[in-house]
Amino acid sequence: MTAKTPEQLIYDYGNTVYRLAYAQTRSQHDADDIFQEVFLRVAQNRPVFDSESHEKAWILRVTLNCLKSHWRAAWRRHDVPLDERIPFPAPEERALDNALRQLSPKYRAAVHLFYYEGYSAEEIARMTGEKPSTIRTRLTRARAQLRDLLKGESDDEL
């Protein structure tokens with residue numbers, strides 16, 4: 001497989017990278033910064049991949065690394081999160097979004113890659129450098145937390 005241009009990679013994976021960055025940060029500005037950093041690294045490295053699935057996994061791994069750097073930044077330790085209200089048409093989506101925001105970043109990343117991107121626990125483990133059992137545990141714990149959080153939402157509405 002020949003190396004794609006950065007423009008081709010942005011066209012192919014830009015939405016996926018942005019969705020993952022936004023799902024983790026819940027900030028359009030932070031997601032924009034991470035998006036730019038990911039494709040800057042792609043342009044600098046110009047990797048050649050064996051297959052399209054390897055290419056996508058590598059780009060998602062770069063995205064996860066950029067997210068880790070983002071959360072470790074010194075200014076983030078003194079950052080006070082703003083309550084960004086994102087309008088959703090259905091109350092169920094708003095409740096789910098609020099519940100997802102309350103998950104820790106590692107649980108949120110596992111949920112996003114599993115449910116929104118369609119990766120298996122084994123594929124996520126390869127991307128993140130974790131064991132598949134660790135990813136399955138994170139997914140189980142995230143589901144339990146979401147269940148509790150969403151149950152609380154429905155109790156509040158009654």
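**Helix packing in a predicted all-helical chain**

The crossing of helix 1 and helix 5 is right-handed, a crossing being called right-handed if the near helix is turned clockwise from the far one by less than a right angle, and left-handed if anticlockwise. Helix 1 spans residues 6-25 and helix 5 residues 105-116, and the two pack at an angle of about 145 degrees with their axes 9 Å apart; axes here are lines fitted to C-alpha atoms, for helices over the stretch in contact, and angles run from 0 to 180 degrees between N-to-C directions. On the side of helix 1 the contact is made by R19, L20, A23, Q24 and T25, and on the side of helix 5 by P105, R108, A109, H112 and L113, where contact means heavy atoms within 4.5 Å. Sorted by class, the residues of this contact comprise 5 nonpolar, 3 polar and 2 charged, with Ala, Val, Leu, Ile, Met, Phe, Trp, Tyr, Cys and Pro counted as nonpolar, Asp, Glu, Lys and Arg as charged, and the others, Gly among them, as polar.

The model is predicted, so that local features need pLDDT of at least 70 and side-chain atom pairs count only at pLDDT 80 or more, whereas totals for chains, interfaces and linings use all residues. Residues are numbered from 1 along each chain as its sequence is written, and side-chain values use heavy atoms, with hydrogens and water left out.

The protein chain has 7 helices and 0 strands, helices (H or I, at least four residues) and strands (E, at least two) being DSSP runs numbered from the N terminus. Of its 158 residues, 37% count as buried, that is, under 20% relative accessible area, with exposed meaning over 50% and partly exposed in between (1.4 Å probe, protein chains only). The accessible surface comes to about 9,800 Å², of which 52% belongs to carbon and sulfur atoms, as computed by the Shrake-Rupley method with a 1.4 Å probe. Among contacts between residues at least 6 apart in sequence, 66% join residues at least 24 apart.

Q24, in helix 1, counts as buried at 2% relative accessibility. When residues up to four places away in sequence are not counted, Q24 touches L67, W71, P105, R108 and A109. In the loop between helix 1 and helix 2 lies R26, which is buried with a relative accessible area of 14% and has a phi near 55 degrees, a positive value in a residue other than glycine. Most residues other than glycine have a negative phi.

A second packing involves helix 2 (residues 28-45) and helix 3 (residues 52-72), whose axes come within 9 Å and cross at roughly 130 degrees. The two helices are therefore oblique to each other, given that angles under 35 degrees count as roughly parallel, over 145 as roughly antiparallel, 65 to 115 as roughly perpendicular and the rest as oblique. The crossing of helix 2 and helix 3 is right-handed. D30, I34, E37, V38, R41, V42 and N45 of helix 2 meet W58, I59, V62, T63, N65, C66, L67, S69 and H70 of helix 3, and by class this contact has 8 nonpolar, 5 polar and 3 charged residues. H70, in helix 3, counts as buried at 10% relative accessibility, and its C-alpha atom is separated by 9.3 Å from that of D33, 37 residues apart along the chain.

Towards the later helices, S120 is found in the loop between helix 5 and helix 6 (121-128) and is partly exposed, with a relative accessible area of 25%. S120 and P132 are 12 residues apart in sequence and 9.1 Å apart in space, C-alpha to C-alpha.
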